[in-house]
Structure formats: structure tokens, C-alpha cells
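Colleague: I've got a model open and would like to learn how to read its charge pairs and empty spaces. Can you walk me through them, one feature at a time?

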Amino acid sequence: MVGPQEREVPTVSKVEVLTPRDVPLGGPRAMTVRRTLPQRTRSLIGAWCFADSYGPDDVADTGGMDVAPHPHIGLQTVSWLFTGEIEHRDSLGSHAFVRPGELNLMTGGHGIAHSEVSTPRTTVLHGVQLWVALPDEHRDAPRDFQHHAPAPVGVPGAEIRVFLGSLAGSTSPVRTFTPLLGAELVLEPGAELTLAVDPAFEHGLLVDTGEVRFADTSLRPAELGCLDPGRTHLTLTNDSTAPARTILLGGPPFEEEIVMWWNFIGRSHEDIVRARQDWTDGPAGGRFGEVEGYGGAPLPAPELPSVPLKARRRQVR
């Protein structure tokens, strides 16, 4: 038996800081985005496996977003805007708009295709694009599309919009295949905010504007602070003299191995090869369907690497 003086005290992990890299998005008319997840040191935060941020971009200079029809398997896409408007079309037949403060979540389990184009009335484009890996038992889920406009929740020093999961007494009705947290938090200048969270969750804080301390670690814009499970509360402090905007992500550790390549998430190199061939074969194959109303050719799949794709899994620190 372990006596009171010998009992081990659970360790609380430190914040791991991920810095972004610039990557082109969308083929020949590519816009530049800042990709913060995945990275070599961390592939996942819960089931969150991909995080891009972009803008604020003056569309008159950059041309905005014009991503031709492209495929997805084994994941859900989460679109969230701060400024601007994007027209979404998919092979389920959905025709919707992504607007600030409104969630568009698309499920591409067995296969879906979609296009994303900023609208003519958009002058400034600014937002995030996130992916969620589907667990093995649901990775062939049928196509689906959900829209939700969460009401803002006011707390001392901040405003919160919960688009997935539950936080600060607000719960999203959007369906997911693993427990998730996704929320926009805007902190007033100099504000400190402490939130009760699920200690079984990993958490990540992506800073959009301002300089924010996350569990006493400073984060700059486009940096992602990551925490392992074990915390019952998270504290965020806005150290800047202007409002700070952040995206908080969370979920229980996703222990499955996944293979990520282009727009696909599978479990093996062969899964990816098969999906690429199905996309190259075109709508006649039936797996991805057809996006109507885009007015241009779909994106061709890039060439596969010459060596087999390696699986990624949650890194244990």
C-alpha cells in the first residue's frame, strides 16, 4: 500500500507549440494558407487531424478562393469564416454558403466531392478550414452535410461560439462520430478566461489575432498550442491591447493509425491508391459522384510518391 507521503501526483503536461508553414491550396488558382496541423511532432488533437488558417486576404489582390471539385474519403470537413463568404457545392447536391459565425460540416466517409469559391461580394477573406478523422467503424459513412449558426455566449471578458461539442453551458446539435470540441473564443483586451473542460480530452488553441497565453505559454497568430489530457480547466489570457480571436479544439485521444495523402484519409497505402484511381476514373465509377454548377473541370489527383505511404498515429510524449 502506498502511504500519503508516497502517493504519486499526476503530472500536468506543458503546452506544445506548433508553428505554421505556408502551402498553396486549390491547384492552378491556388491561394496561400497557413498549415499548422498535421506536423511531424503531432498529427492529431483528438480526432482533429488538419488545421489551415488564411487571411485576412484582400480578394482584389489575391483573387480569393477558387477550389475546383475535389474528392474526400474518411473524414469530415469543418469550414468556419471570420470575414467574407464562400459558396459550397458538393456531390450530395448541397448548395450552401459559408458565412462568418456559421458552421458548415461535410462528411466524406466512403466518398464525396465538393468545390469552394469565394463569392463576388467578398472583399476580404479570412477563416479556418479543419478536418476530423473518422474512426474505423465509420470511415465509410455515407455523404452528409450539416449547417449550424451557434448563438454567441457572453462570459466575463469574452464571447464564445460553440460549433461542435459543449463548452461554457453551450452545446452544438451537430452530429460527429467521436466526441469533439470546436469553438471560437474572442477575448477582450487584457482579459483572462478560465474554462471548465473535459480532462479526458486533448486540447489545442489556434490563435488568429492577438497574443494569447494558453496555460501560461505565449502564442502568436497562427500558432497552435497543444495540451495532453489531464486538465479540468484551461486558462487563456489576452496580453494584447486589442481583442484576441482564437479557435479551441478538443477531443479524446484518437488511437487509431491513419494514412493521410492529398484529400484522403485511409488506413493503408492501398486505401489511398484505390481512392485515387476511383477519382481518376471519374463519375462513372460512382464513388465520388458529380458536383453540379461549378462551371469548370475537377482537380486532377497528384502523382503518388514512389514509396509506400506511412501511417500516422497519436504521438505519446
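Modeller: Sure, let's start with a charge pair: Arg-276 and Glu-303 form a salt bridge, and their closest N and O atoms are 3.5 Å apart. The two partners come from distant parts of the chain, with Arg-276 in helix H2 (residues 269-281) and Glu-303 in the segment after H2, 27 residues apart. Keep in mind that this is a predicted model.

Colleague: What is the general idea behind such a pair?

Modeller: Side chains of opposite charge can pair when their charged atoms come close.

Colleague: Is Arg-276 buried or exposed, and what about Glu-303?

Modeller: Arg-276 has a relative accessible area of 13%, so it counts as buried. Glu-303 comes out at 68% relative accessibility, so that one is exposed.

Colleague: How many salt bridges does the structure hold?

Modeller: There are 20 salt bridges. Take Arg-175 and Asp-144, whose side chains meet with N to O at 2.9 Å. This pair also links distant parts of the chain: Arg-175 sits in the loop between E16 and E17, Asp-144 belongs to strand E12 (residues 144-148), and 31 residues separate them. Asp-144 is partly exposed, because its relative accessibility is 22%.

Colleague: And what does Arg-89 pair with?

Modeller: Its partner is Glu-87, with 3.0 Å from N to O. Arg-89 has a relative accessible area of 19%, and buried means under 20%, so Arg-89 is classed as buried.

Colleague: Which residues are linked in a network of salt bridges?

Modeller: Asp-136, Arg-139, Glu-256, Arg-267, Asp-271 and Arg-274 are joined that way.

Colleague: Let's go back to the loop that holds Arg-175. Where does Ser-172 lie?

Modeller: Ser-172 is in that loop, between strand E16 (170-171) and strand E17 (181-187). Ser-172 is buried, because its relative accessibility is 10%.

Colleague: What does the side chain of Ser-172 reach?

Modeller: It reaches the backbone nitrogen of Val-174 at 3.2 Å. A polar atom of the Ser-172 side chain also lies 2.8 Å from the backbone oxygen of Phe-163. Setting aside neighbours within four places in sequence, Ser-172 is in contact with His-148, Val-162, Phe-163, Leu-164 and Gly-165.

Colleague: Now for the empty space. What is the general way of finding it?

Modeller: You roll a probe the size of a water molecule over the atoms, and that shows where empty space is left. In this model, the largest pocket has a volume of about 760 Å³. Its lining has 33 residues, and those closest to the centre are Arg-35, Trp-131, Trp-261, Trp-262 and Asn-263.

Colleague: Which strands each supply at least two residues of that lining?

Modeller: Those are E2 (21-25), E4 (48-58), E5 (66-72), E10 (112-118), E11 (124-133) and E25 (259-261). By class, the lining of the largest pocket splits into 18 nonpolar, nine polar and six charged residues.

Colleague: What lines the second largest pocket?

Modeller: That pocket holds about 210 Å³ of space. Its lining is made of 15 residues, and Pro-69, Trp-279, Pro-283, Gly-289 and Pro-298 are nearest the centre. Here the classes are ten nonpolar, four polar and one charged.

Colleague: How many cavities of 30 Å³ or more are there?

Modeller: Two. The largest cavity has a volume of about 40 Å³. Lining it are Thr-77, Ser-79, His-88, Asn-104, Leu-105, Met-106, His-114, Glu-116 and Phe-145.

Colleague: Which strand gives the most to that lining?

Modeller: E9, with three residues. Strand E6 (75-83), strand E9 (103-108) and E10 each supply at least two residues. The lining of the largest cavity has three nonpolar, five polar and one charged residue.

Colleague: And what lines the second largest cavity?

Modeller: The second largest cavity holds about 30 Å³ of space, and its lining consists of Ser-53, Phe-82, Val-128, Leu-206, Val-207, Asp-208 and Ile-247. Strand E19 (residues 202-209) contributes the largest share, three residues. By class, the lining of the second largest cavity has five nonpolar, one polar and one charged residue.

Conventions:
Residues are numbered from 1 along each chain as its sequence is written. This is a predicted model: local features need pLDDT of at least 70, side-chain atom pairs count only at pLDDT 80 or more; totals for chains, interfaces and linings use all residues. Side-chain values use heavy atoms; hydrogens and water are left out. Helices (H or I, at least four residues) and strands (E, at least two) are DSSP runs, numbered from the N terminus. Buried means under 20% relative accessible area, exposed over 50%, partly exposed in between (1.4 Å probe, protein chains only). A polar contact is a pair of N or O atoms within 3.5 Å; within protein, one must be able to donate a hydrogen and the other to accept it, and residues adjacent in sequence count only if both atoms are side-chain atoms. Contact means heavy atoms within 4.5 Å. A salt bridge is a side-chain nitrogen of Lys or Arg within 4 Å of a carboxyl oxygen of Asp or Glu. On a 1 Å grid over the protein atoms alone, a cavity is a set of points where a 1.4 Å probe fits but cannot get out, and a pocket is an open set with protein on both sides within 12 Å along at least five of seven lines; lining residues have an atom within 4 Å of a point. Grid points are joined across faces, edges and corners, and a volume is the space filled by probe spheres set on the points. Ala, Val, Leu, Ile, Met, Phe, Trp, Tyr, Cys and Pro count as nonpolar, Asp, Glu, Lys and Arg as charged, and the others, Gly among them, as polar.
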